[in-house]
Amino acid sequence: MKYTVKELFDEDYGCEGIPENSEPMVNVAAQSKDGKMRRFRFTESYITENKISEGSIISVGEDT
């Protein structure tokens, strides 16, 4: 299913910081064509490599 990215949020790791051997994560708030909002998590490197920003169209799920 395709979604339009509405907002990106850096993962909140609290005072402990990013867990050892983990990549920083980004939370993505996105909206489908029928108006339903969903949240997804992606690695920061995936977001950067795919140039995902607010307004980007992302494909998530079986029918992508």
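Trainee: Which residues does Val 26 touch, once residues up to four places away in sequence are not counted?

Mentor: In this predicted model, Val 26 touches Leu 8, Phe 9, Asp 10 and Glu 11, and also Phe 40, Arg 41, Phe 42, Glu 44 and Ile 47. Each of these counts as a contact because heavy atoms lie within 4.5 Å.

Trainee: What makes Val 26 part of the largest nonpolar core?

Mentor: A residue enters such a core if it is a buried residue of one of the listed kinds, Val among them, and is joined to the others through side-chain atoms within 4.5 Å. Val 26 is listed in this core together with Tyr 3, Val 5, Val 28, Ala 30, Phe 40, Phe 42, Ile 47, Ile 52 and Ile 58, which makes 10 residues in all. Strands S1 (2–10), S2 (25–32) and S3 (37–43) are the elements that give two or more residues to this core, and the largest share, 3 residues, comes from S2.

Trainee: Why is Asn 27 called buried?

Mentor: Its relative accessible area is 17%, and buried means under 20%, so Asn 27 meets the criterion and is called buried. Asn 27 has its place in strand S2, and, leaving aside neighbours within four places in sequence, Asn 27 is in contact with Glu 7, Leu 8, Phe 9, Asp 10, Glu 11, Phe 40 and Arg 41.

Trainee: Why does Lys 33 count as exposed?

Mentor: Exposed requires a relative accessible area over 50%, and Lys 33 has 83% relative accessibility, so the residue counts as exposed. Lys 33 is placed in the loop between S2 and S3. Between Lys 33 and Ile 52 the C-alpha to C-alpha separation is 18 Å in space, with their positions 19 residues apart in sequence numbering.

Trainee: How many helices and strands does the protein chain have, and where does the helix fall in the order of elements?

Mentor: The chain has 1 helix and 4 strands, and from the N terminus the elements run β-β-β-α-β, with the helix just before the final strand.

Trainee: What share of the protein chain counts as buried, and what do carbon and sulfur atoms supply of the exposed area?

Mentor: Of the 64 residues, 23% count as buried, while the chain exposes about 4800 Å², of which carbon and sulfur atoms supply 46%.

Trainee: How far apart are the mean positions of the positive and negative charges?

Mentor: The chain has 8 positive and 13 negative charges, and their mean positions are 12 Å apart.

How values were computed: Residues are numbered from 1 along each chain as its sequence is written. This is a predicted model: local features need pLDDT of at least 70, side-chain atom pairs count only at pLDDT 80 or more; totals for chains, interfaces and linings use all residues. Side-chain values use heavy atoms; hydrogens and water are left out. Buried means under 20% relative accessible area, exposed over 50%, partly exposed in between (1.4 Å probe, protein chains only). Accessible areas come from the Shrake-Rupley method with a 1.4 Å probe; for residues, only the protein chains shown count as cover. Lys and Arg count as positive and Asp and Glu as negative; His and the chain ends are not counted. The place of a charge is taken as NZ of Lys, CZ of Arg, CG of Asp or CD of Glu.
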